[in-house]
Amino acid sequence: MRVFSVDAGDPFLETLAARLTDGTLWPDGKAPDNPFAMASATVYLPTRRAARALAEAFLDVAGKPSVLPRIEALGETDDETLDTPATVGTLEGRVALASLVRVFARRLTVDGEPDSRTLLPSSGADAVRLADDLMALMDQVETQEADWADLPGLVERADLASHWKLTTDFLSIATEAWPAHLAANGKITEGAARRLEAEAAATAVGNAAGPMIVAGSTGSIPATRRLIRAIARSPFGAVVLPAFDRNATAEDWAALEDAPDASGHPQYGLGQLLEALGCAPGDVARLTPTRATATPSRIALVNASLRPAPATGRWTADRTAIDIPAALENVAMVEAEDERTEAAAVALAMREAVERGETVALVTPHRPLARRVCHALRRWSIAVDDSAGEPLTATPAGVFARLVAAVTAGGSAAEWLALLKHPLAFAGADRPGIEGIEALLRGPRIGPGRMAAALAARGNADAQRLGTAVLSALAPLAQLGRGVTVGALAAAHAEAVIAAAGEPPNGADWQAVIDTLATLAERTELAIDSGDWPSTFEALVSGIVVRGPEDDAAVRILGPLEARLQAFDHAILGGLNEGTWPAVPETGPWMSRGMMTAFGIDLPERKIGLSAHDYMVAAGARRLTLTRARKAGGAPTIASRWWQRLTAVAGAPAAKALARGARLVHLAALADTHADRPPAPRPAPVPPLGARPTAIAVTDVARLVRDPYAFYAKRILKLRPLDPMEADPSFGERGELIHTVLAEFMRTGAYREADAEARFRALVETALAPLAYAPDAQALWGARLAYIAPHVVAAEEARIGAWTPRLIEDSAGANIDGIRLHGRIDRIDEGEDGQLEIIDYKSGRAPTAAQVASLLEPQLPLEAVLVREGAMDFSPDSPIDGLTYVAIGQGRTPVAWQRMEPKGKTTETMVEDAMAAFRALVAHYGDPATGYLSRARIPFEADSDGDYDHLARVSEWQG
């Protein structure tokens with residue numbers, strides 16, 4: 001039996017190709033003198049990616065075109081899927097199992113409660129997600145060759161609570177319905193296909209006419225383990241283990257066997273494989289490498305850091321035996337503040353590797369980090385080969401397909417706008433300007449299914465034309481109703497996507513969308529409501545990725561599984577936080593840990609051992625960078641156990657590795673640092689007199705006094721804040737509603753009637769009717785106004801006889817020194833002696849008398865000025881008895897009448913002061929040299945509306 005190992009730190013595929021070429025792995029240790037002899041050899045590798053890379057390695061070793069051995073992929077890892085006509089595909093499995101999940105969920109009842117239902121998915125998406133978890137469990141059972149016949153009685157054997165019996169009853173899908181579905185369709189699962197392929201290969205070993213080598217496998221799958229055993233026993237066979245620790249002592253193996261965390265050790269799986277082969281650890285020979293990569297001290301340090309927990313007491317001896325400074329000589333440990341900084345440091349390390357002419361790869365299971373690094377490398381135009389590809393739902397075509405489904409099912413204004421703005425939408429067509437349509441979509445929420453009608457009602461011809469085009473394109477999907485099969489929905493969805501795109505684009509993502517929908521169109525097992533299709537479609541296609549062609553000239557980003565057996569000059573291991581690498585071991589919803597143990601399948605913790613092996617192999621690169629972020633999503637993180645172990649065993653010398661990492665973080669920060677610039681000055685634009693307004697509303701005078709720049713931006717530049725999408729009713733709208741109700745209540749004389757309160761409530765209901773799109777506001781505002789109704793009536797009844805409303809919600813204006821002062825006055829009452837009271841309603845907090853007297857809130861005094869200027873149907877000499885704010889619905893006082901009576905000032909004095917101040921204001925801004933200063937009189941931060949502060953760059957000049 002010939003068992004070899006390519007040690008950690010040695011290039012696996014390159015060494016394997018060289019040793020097969022020079023005859024080391026041939027039965028007699030010598031290659032035949034025949035250029036075609038290599039064709040008789042067969043090499044088994046774990047993945048297709050490794051098989052492709054080995055073919056390239058053979059060509060590199062030979063230095064010229066040559067005959068290659070037969071290279072087969074075992075397909076034993078999660079990064080590969082089998083795609084054969086006899087294999088049930090992921091999409092088919094998800095749809096069929098989702099249907100079975102729904103059927104079986106309806107059958108389950110709780111003991112003693114015959115009408116109860118458990119585990120019943122509330123939507124198609126829920127059923128698909130449950131089906132996906134169930135398919136993963138069944139694949140694990142199939143792969144590890146457990147027997148579903150052991151399912152009955154599992155709860156009792158595992159000594160679990162009785163409610164788990166519901167789960168085992170539900171799992172009868174796996175033993176009854178699913179096998180029947182497969183048999184009826186002539187299909188087998190991927191796990192069964194892998195097992196059959198491995199068994200066929202094991203049977204063929206006896207007929208071998210040339211070398212048979214199985215390399216790089218840890219033998220974690222029983223069928224693969226049998227194949228490895230058959231090859232190992234064959235006179236033509238050889239086994240090449242990946243990164244086996246040949247220096248481990250008998251004491252080390254004994255400690256591993258007794259350790260409670262043994263399954264998380266990188267050598268655990270290889271130890272089990274050797275035991276199955278009947279081979280002792282000492283019988284494993286090193287396959288002589290073609291070149292050295294990492295120093296032996298590095299490998300020794302990493303192996304020591306990964307000792308089982310009971311053996312960590314030997315770290316003291318390890319520190320003496322290992323040259324730790326030499327081990328960490330080419331190691332950098334990046335401990336970034338957050339994930340963005342981590343990505344920037346990784347990108348900089350990759351750039352430096354490119355400049356040194358090194359091959360470099362980022363190895364990480366953390367996809368957000370990988371995406372950030374891709375974006376960061378674009379600034380230096382460095383090509384990236386991201387082997388994980390891009391999720392289909394995140395590609396341009398995938399996003400377009402999701403938006404088509406969402407808009408057809410109703411869709412919010414944001415989804416409509418995203419679809420209309422998408423570059424694939426109506427490509428090649430005469431698309432109208434989206435800007436105008438965006439303005440139509442902003443504002444109050446529009447109910448589902450009413451968007452196109454709203455566009456037609458609100459918009460111009462362009463909007464109507466586009467709304468009609470969208471409805472026509474989406475009609476095939478929109479006309480479907482309840483209880484429609486996934487196949488019918490997918491076929492209609494494909495038709496709608498193609499119609500909405502106008503001209504079918506080129507690209508792998510577009511083809512992937514069309515192919516996926518075509519595959520789903522063949523499925524009739526699951527029926528859902530069409531409104532449930534957007535979420536169900538997204539659940540069905542989750543996990544499907546689009547990969548581009550490999551680029552040898554690019555830097556690599558690889559997942560840990562994809563990096564197996566690969567060798568690079570510089571390896572960057574990113575995302576080394578607990579929960580990321582290694583990932584949190586999860587059992588899934590179908591079996592507890594106790595059930596898995598009793599049933600005979602591996603616990604999720606077994607994957608930690610495989611991850612540890614991936615980490616150990618990648619850490620053998622000549623130059624190594626380890627990275628982590630102290631915070632993720634604003635929350636503190638915990639360093640990966642491997643990071644903690646490495647720093648613990650390394651001790652003080654780890655400081656130099658951390659310093660190298662800090663250097664990368666510092667340089668990455670400098671890349672985003674710009675030269676200091678003086679802050680923006682406080683703006684005071686000086687427009688020409690011809691551009692300045694010749695009319696000012698009384699409500700704008702306060703803005704002109706407090707923040708002239710805001711007045712300039714609004715009234716001279718005509719700038720308005722964009723309305724939000726799907727806006728809820730604002731406080732401003734509530735104020736307008738209250739003004740409308742009170743104006744109608746007073747104008748019609750309803751306040752004098754015996755049923756005044758009922759009339760007020762009827763007016764409220766009428767005013768609230770347009771708010772049907774916001775039922776929460778409708779209910780809350782309606783309740784509040786109903787509550788204040790008797791208080792409004794009581795206040796008005798108390799004034800009957802003494803005061804008579806003479807003006808209700810009317811506009812007025814007068815020319816003062818060449819400027820027209822105008823406004824809409826809420827109300828003016830006339831007393832018995834002809835005196836006037838000017839009244840303004842406030843749904844928010846009313847100004848104080850001091851603010852009115854200081855003319856920071858000059859609205860009421862300026863309305864009195866309009867009376868004095870004869871702008872209304874009153875004598876300019878009419879005595880003005882009072883200026884009053886009526887606060888409606890504020891605090892515990894439903895209706896508060898507040899006369900502005902500042903100390904030391906009469907009403908007439910305030911009116912005269914307002915007139916003088918307004919004339920002075922007109923004169924001030926009539927000077928062509930006067931600018932509109934930002935925030936001239938803002939006594940409190942809360943007093944500024946802030947809509948234009950960003951234009952004035954307030955935070956710069958105030959800082």
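**Close-up 1. The largest nonpolar core and its best-connected members.** In this predicted model, the largest nonpolar core takes in 90 residues. F400, W533 and M591 are the ones that touch the most other members. If you're wondering which helix gives the largest share, look to α4, spanning residues 124-143, which puts in ten residues.

**Close-up 2. Who sits around M591.** Zooming in on one of those well-connected residues, skip its neighbours within four places in sequence and see what M591 is in contact with. The list has L137, W148, L151, L154, W164 and L171, and also M596, F599 and I601. Apart from the core that M591 belongs to lies another one, made of 47 residues. Its members include L856, V867, Y885 and M915.

**Close-up 3. F36, a phenylalanine in a loop.** Here we're in the loop that runs between α1 (12-21) and β2 (42-45), where F36 lies. Is F36 buried or exposed? It counts as exposed, because its relative accessibility is 60% and the cut-off for that label is over 50%. P69 is 33 residues away from F36 along the chain, yet their C-alpha atoms are separated by 9.4 Å.

**Close-up 4. A leucine patch on the surface.** Three residues, L717, L719 and L951, make a nonpolar surface patch of about 220 Å². Of these, L951 has its place in helix α37, residues 949-952. With a relative accessibility of 38%, L951 counts as partly exposed, since that label covers values between the under 20% of buried residues and the over 50% of exposed ones.

Definitions and conventions. Residues numbered from 1 in each chain as written. Predicted model: local features only at pLDDT ≥ 70, side-chain atom pairs only at ≥ 80, totals over all residues. Heavy atoms only, no water. Core = buried A, V, L, I, M, F, W, Y, C linked by side-chain atoms within 4.5 Å. Buried < 20%, exposed > 50% of the residue type's maximum accessible area, 1.4 Å probe, protein only. Helix = DSSP H or I, 4+ residues; strand = E, 2+ residues; numbered from the N terminus. Contact = heavy atoms within 4.5 Å. Patch = residues over 30% accessible without salt bridge, like charges linked within 9 Å, V, L, I, M, F, W, Y side chains within 5 Å. Areas by Shrake-Rupley, 256 points an atom, 1.4 Å probe, with all protein chains shown as cover. Salt bridge = Lys/Arg side-chain N within 4 Å of Asp/Glu carboxyl O.
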